[in-house]
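Colleague: Thanks for sitting down with me! Could you walk me through how the parts of this model fit together?

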Amino acid sequence: MDRALTAEPVPNTAPAAPEPPPLRPRHRLTAWAAGLLLVVPAAVSGGRLLDADGVTPLPQLLSLLPWFAVPAALAVLLAAVARRRGLTFTAVLVLTAVGWASVPHMPQLVTSYGLPLAQVRVLAANVEFGQATGALTDTIRRERPQLVFVSECDRACGRALTDAFATELPHRASVDADGSVGSVLLSAYPLTDERVVPAIMGMPGATAEIAGVPVRLQLAHPLPPLPDQVDVWKRELGRIEEDARQNTGPLLIAGDFNASQDHAAFRSILDTGHLKDTSRVANAGRTPTWPMEGPLPPFVQIDHVLISSDFSVRGIRFLDLAGSDHRAVLTDLDLRGGR
């Protein structure tokens with residue numbers, strides 16, 4: 001056969017595309033650590049942005065939402081060190097989601113209408129099975145509130161407060177019971193139409209006449225969202241929401257809600273009742289009120305004073321109570337009328 005007619009294959013001399021260098025073991029470990037750090041912040045911020053409390057452990061983790069910015073930021077740093085662009089981009093998205101979910105806690109702009117009719121000082125306190133009754137008594141004497149909402153006030157606590165303030169706060173609505181079930185609402189104003197929102201722990205309410213205006217008062221104390229009672233927690237917050245919906249006049253709800261503003265069930269109360277959280281109005285929506293005992297510092301605000309648009313906020317303070325695992329919330333309000 002003629003050699004000229006026999007073509008031998010020409011070898012491919014084009015350089016092969018370089019393969020991406022494999023991750024070094026240290027970088028691979030760093031990337032894995034970044035990915036693991038993103039799991040919980042992504043799930044929690046996703047639940048918050050979807051306006052869903054979900055199931056355990058999401059309701060419990062939502063109480064820590066702002067703090068998840070720390071692992072998310074660390075994940076951004078580790079992903080960048082590992083030189084993984086996709087992972088870095090994902091980490092930035094999660095960190096942004098956590099920050100965006102915290103935006104509703106910025107100060108709430110409120111326009112007040114009408115002339116002030118009365119100045120009202122409100123104190124909401126959880127005395128932890130009555131253990132902080134003495135500290136609360138001293139606080140009431142010092143601060144002189146006109147309305148006092150007391151959760152976990154057992155029978156002895158109720159008797160002690162009623163006797164101590166028979167002159168200053170002579171009017172009373174209560175659920176008289178032992179342990180955490182007992183609750184007391186003390187008032188300098190006459191109370192009528194006493195009603196109790198059904199719940200495992202006491203949630204008494206009444207109507208007070210303040211400067212000639214009937215104001216509905218409601219103490220809030222639903223069960224906490226423990227893993228085995230999330231459904232009950234949602235149901236009891238829903239009953240507070242329903243009560244707020246039915247009251248179209250001036251309304252004040254205060255107490256230990258066992259929920260933060262990151263919980264959809266709590267925000268639903270605000271939206272349905274057209275209510276404002278006084279701490280948010282006063283630019284204190286991130287001030288923690290629990291837990292005041294134990295190895296952890298306080299990290300979440302679950303004690304609130306909610307008001308209808310008939311009130312404006314003059315100031316708010318958070319007070320330590322010896323013997324309680326909660327801070328008390330002291331709020332100065334103006335009741336307004338004649339828009």
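Colleague: Let's begin with helix packing: at what angle do helix H3 and helix H4 pack, and how are they oriented?
Modeller: Keep in mind that this is a predicted model. Helix H3 covers residues 69–81 and helix H4 residues 85–101, with their axes 8 Å apart and an angle of about 165° between them. Angles over 145 degrees count as roughly antiparallel. H3 is therefore, relative to H4, roughly antiparallel.

Colleague: Nice. What is the handedness of the crossing of H3 and H4?
Modeller: For H3 and H4, the crossing is left-handed.

Colleague: Which residues meet there, and how many of them are nonpolar, polar or charged?
Modeller: H3 brings Ala69, Ala72, Ala73, Ala75, Val76, Ala79 and Ala80 to the contact. Facing them in H4 are Leu87, Thr88, Ala91, Val92, Val94, Leu95 and Val98. By class, the contact of H3 with H4 comes to 13 nonpolar, 1 polar and no charged residues.

Colleague: On to the charged side chains, then. How many salt bridges does a search of the whole structure find?
Modeller: Searching the whole structure gives a total of 15 salt bridges.

Colleague: Take Arg172 and Asp176: how far apart are their closest N and O atoms?
Modeller: Neither residue is classed as buried, because Arg172 is partly exposed at a relative accessible area of 28% and Asp176 is partly exposed at 46%. A salt bridge needs the nitrogen and oxygen within 4 Å. Arg172 and Asp176 form one, and their closest N and O atoms are separated by 3.2 Å.

Colleague: Which residues form salt bridges with Asp193?
Modeller: Asp193 is partly exposed, with 43% relative accessibility. One salt bridge pairs Asp193 with Arg195, the closest N and O atoms being 2.4 Å apart. In another, at 3.6 Å from N to O, Asp193 meets the side chain of Arg216. The names you want are Arg195 and Arg216.

Colleague: Where in the chain do Asp193 and Arg216 sit, and is Arg216 buried or exposed?
Modeller: Their salt bridge links distant parts of the chain, with Asp193 in strand S5 (residues 191–196) and Arg216 in strand S7 (residues 213–220), 23 residues apart. Buried means under 20% relative accessible area. Arg216 has 3% relative accessibility, so Arg216 counts as buried.

Colleague: And which residues do salt bridges with shared partners join into one network?
Modeller: Here the salt bridges connect through the partners they share. The residues joined into one network are Arg121, Arg142, Glu143, Arg317 and Asp332.

Definitions and conventions: Residues numbered from 1 in each chain as written. Predicted model: local features only at pLDDT ≥ 70, side-chain atom pairs only at ≥ 80, totals over all residues. Heavy atoms only, no water. Axes fitted to C-alpha atoms, helices over the stretch in contact; angles between N-to-C directions. Helix = DSSP H or I, 4+ residues; strand = E, 2+ residues; numbered from the N terminus. Parallel < 35°, antiparallel > 145°, perpendicular 65-115°, else oblique. Left-handed = near helix turned anticlockwise from the far one by under 90°. Contact = heavy atoms within 4.5 Å. Nonpolar A, V, L, I, M, F, W, Y, C, P; charged D, E, K, R; others polar. Buried < 20%, exposed > 50% of the residue type's maximum accessible area, 1.4 Å probe, protein only.
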